[in-house]
Amino acid sequence: MIDPAITPNAIAYAWERLLDIAGAEDLAPPYAYGPANAPLPEPGVIIVPAAPHAWSRLLQLPVGQLDWLPAATLFPSGYPLPFHDPVPILFWSDADRDKPLIRVRGDGSIIFRVDLIAATLFMLTRWEEIVLPRRDEHDRFPAIASTAYRQGFLDQPIVDRYAMILRAWLQRQRPSWQPRRRTFHLHLSHDIDHLRRFLTANEALRQTANNLWRQKRPRWALEDVRDFATGRLLIDRNPYLTVLDDLANMTEMRGDRATFYIMAATPNLFDEGFTVTTPALTRRLQRLARRGHIIGVHPGYYTYLDFQRYRTEKNRLEQALGEVVHHARQHYLRFRVPDTWRIAVRAGIREDATLGYADMDGFRCGTAHSFPVFDILADEAIPIIERPLHIMDGTLKSYRNLTADEALRRMQKLAQRAAQVEGELHLLWHNKLYYAWRPWFQILRRFLNAPLS
Ligand SMILES: [Zn+2]
């Protein structure tokens with residue numbers, strides 16, 4: 001395994017990301033990525049690079065060997081801490097080991113012996129997903145193979161935390177400067193994989209019987225019969241469709257708008273598929289778009305490496321809507337770095353929202369902020385924004401087997417961590433959940449009422 005080249009392009013990209021998250025893009029202090037005695041025209045920031053091979057070493061580092069420091073040791077003394085838990089140090093700078101981790105040199109410049117540039121690139125470019133071979137049965141890079149999960153910091157927006165540390169030192173260096181601050185934003189999105197609740201009469205019958213005899217819920221059983229009938233005959237009254245309005249209302253009540261990712265694949269083993277031109281659906285989607293919600297495409301199971309297929313599905317949705325679509329999230333979260341980004345860009349997508357793990361909630365990209373993408377191997381920007389996914393309903397329920405209350409606490413914890421860094425928390429709740437996992441819908445409502453409690 002060979003570490004990627006940290007080129008001037010890559011350094012500029014990472015520095016820009018850090019400044020943006022720190023709310024310091026207007027400040028643009030002089031900086032150097034080099035030795036602690038690097039000359040600067042005026043007091044600025046020097047980040048001393050980690051040793052060569054640090055990236056490969058990090059991948060091979062045994063679990064539990066990563067250094068963690070108390071938050072207070074990373075901020076200037078007396079600075080109000082935005083978070084209190086210990087912070088992992090992914091990359092130490094090798095030089096000046098006898099010196100403090102962060103210090104101010106004679107001319108007032110701040111010297112970081114923690115390599116913020118390397119950490120930002122490591123997390124945002126998803127380099128480890130390119131070089132590590134492990135995949136699950138759907139060819140996905142699993143959370144359990146990631147450095148963040150293995151070393152226990154997947155639930156920290158680590159890039160953002162580093163940016164907050166940078167902000168604090170800049171504030172100390174320039175006491176009259178006020179960083180630009182963002183407010184926490186909870187963003188809800190919905191993947192529409194299914195348009196009707198029951199595909200076959202058999203399935204409906206089994207569910208009805210279960211609700212009647214096992215669950216002793218005759219009202220649910222009645223709803224089952226109704227849903228089967230409406231799915232067949234009155235598609236406009238079918239709950240998998242009408243729930244789109246309920247979901248939109250739920251978000252509008254918070255004064256916000258949601259994103260709906262619509263499947264447009266033809267049916268196959270992994271895509272249930274539905275006729276995206278169904279008038280009852282397109283009318284509804286157009287209405288949602290007029291109300292300010294975003295309608296994106298949910299490219300099917302076989303698209304993540306197949307441009308033709310990706311484009312065909314996107315076109316199909318666009319024709320049904322009569323609108324161009326700029327947002328996408330991959331079905332099953334199937335994604336290969338950097339190929340799927342490139343395919344999406346070629347197909348005209350401006351924002352992808354796939355990068356969360358199916359098997360674990362948390363900060364796959366180490367950030368609670370949407371970010372422009374950089375291809376570390378090609379050493380160039382990819383003109384697309386990644387809107388990282390943090391929590392998917394199925395992750396909490398099926399992959400992690402949490403109870404609804406445990407899930408709620410987990411969501412609140414991640415929301416709090418995103419809020420500490422003035423970030424966003426992106427949630428994916430499927431439309432099928434409305435009926436299939438009723439208590440989980442209540443959890444979502446409770447969370448939306450008090451995300452930070
Ligand atoms: Zn899906």
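In sequence, the residues that donate to the zinc ion follow the spacing D-x104-H-x32-H. The structure is a predicted model, in which local features require a pLDDT of at least 70 and side-chain atom pairs count only at pLDDT 80 or more, while totals for chains, interfaces and linings use all residues. Residues are numbered from 1 along each chain as its sequence is written, and side-chain values use heavy atoms, with hydrogens and water left out.

Coordination of the zinc ion is provided by Asp193 (OD), Asp193 (OD), His298 (NE2) and His331 (ND1), at 2.1 to 2.8 Å. Donors are here N, O and S atoms within 2.8 Å of the metal (3.2 Å for Na, K and Ca); water is not among the atoms, so sites may look incomplete. The angles among the four donor atoms run from 51 to 124°, and the site is irregular. Under the criteria applied, four donors are tetrahedral if all angles lie between 85 and 135 degrees; four are square planar and six octahedral if opposite donors are over 155 degrees apart and all others between 65 and 115; anything else is irregular. For reference, ideal angles are 109.5 degrees for four tetrahedral donors, and 90 or 180 degrees for six octahedral ones.

The two histidines of the zinc site link distant parts of the chain: His298 belongs to strand S9 (residues 294-298), whereas His331 lies in the loop between strand S10 (327-328) and helix H12 (339-346), 33 residues apart. Helices (H or I, at least four residues) and strands (E, at least two) are DSSP runs, numbered from the N terminus. His298 counts as buried because its relative accessibility is 1%, and His331 is likewise buried, with a relative accessible area of 6%. Buried denotes under 20% relative accessible area, exposed over 50%, and partly exposed the range in between (1.4 Å probe, protein chains only).

The loop between S10 and H12 contains further backbone features. Tyr332 lies in this loop and has phi near 65°, a positive value in a residue other than glycine; Tyr332 is partly exposed, at 29% relative accessible area. Leu333, in the loop between S10 and H12 as well, has a positive phi of about 55° although not a glycine, but counts as buried at 4% relative accessibility. In the loop between S10 and H12 is also Pro338, and the peptide bond from Val337 to Pro338 is cis, with omega near -5°.

The largest pocket encloses about 360 Å³ of space. Of its 22 lining residues, Asp193, Tyr332, Met392, His430 and Lys432 are the closest to the centre. Helix H13 (residues 393-399) supplies the largest share of this lining, with four residues. The lining of the largest pocket comprises nine nonpolar, seven polar and six charged residues. In this scheme Ala, Val, Leu, Ile, Met, Phe, Trp, Tyr, Cys and Pro count as nonpolar, Asp, Glu, Lys and Arg as charged, and the others, Gly among them, as polar.

Two cavities of 30 Å³ or more are present, and the largest cavity holds about 60 Å³ of space. Residues lining the largest cavity include Asp136, Arg140, Leu333, Asp359 and Arg364; by class, the lining divides into five nonpolar, one polar and four charged residues. On a 1 Å grid over the protein atoms alone, a cavity is a set of points where a 1.4 Å probe fits but cannot get out, and a pocket is an open set with protein on both sides within 12 Å along at least five of seven lines; lining residues have an atom within 4 Å of a point. Grid points are joined across faces, edges and corners, and a volume is the space filled by probe spheres set on the points.

The structure holds 16 aromatic pairs. Phe270 and Tyr301 form a stacked pair, at 3.9 Å centre to centre and 15° between the planes. Phe270 lies in the loop between strand S8 (259-263) and helix H10 (279-290) and Tyr301 in the loop between S9 and helix H11 (307-321), so the pair ties together parts 31 residues apart in sequence. Phe270 is partly exposed at 24% relative accessibility, whereas Tyr301 is buried at 4%. The rings of Phe270 and Tyr302 have centres 6.4 Å apart and planes at 65°, so this pair is edge-to-face. Rings of Phe, Tyr and Trp (its six-membered ring) pair if their centres lie within 6.5 Å; planes under 30 degrees apart count as stacked, over 60 as edge-to-face and the rest as tilted. One aromatic cluster is formed by Trp55, Phe91, Phe122 and Trp127.
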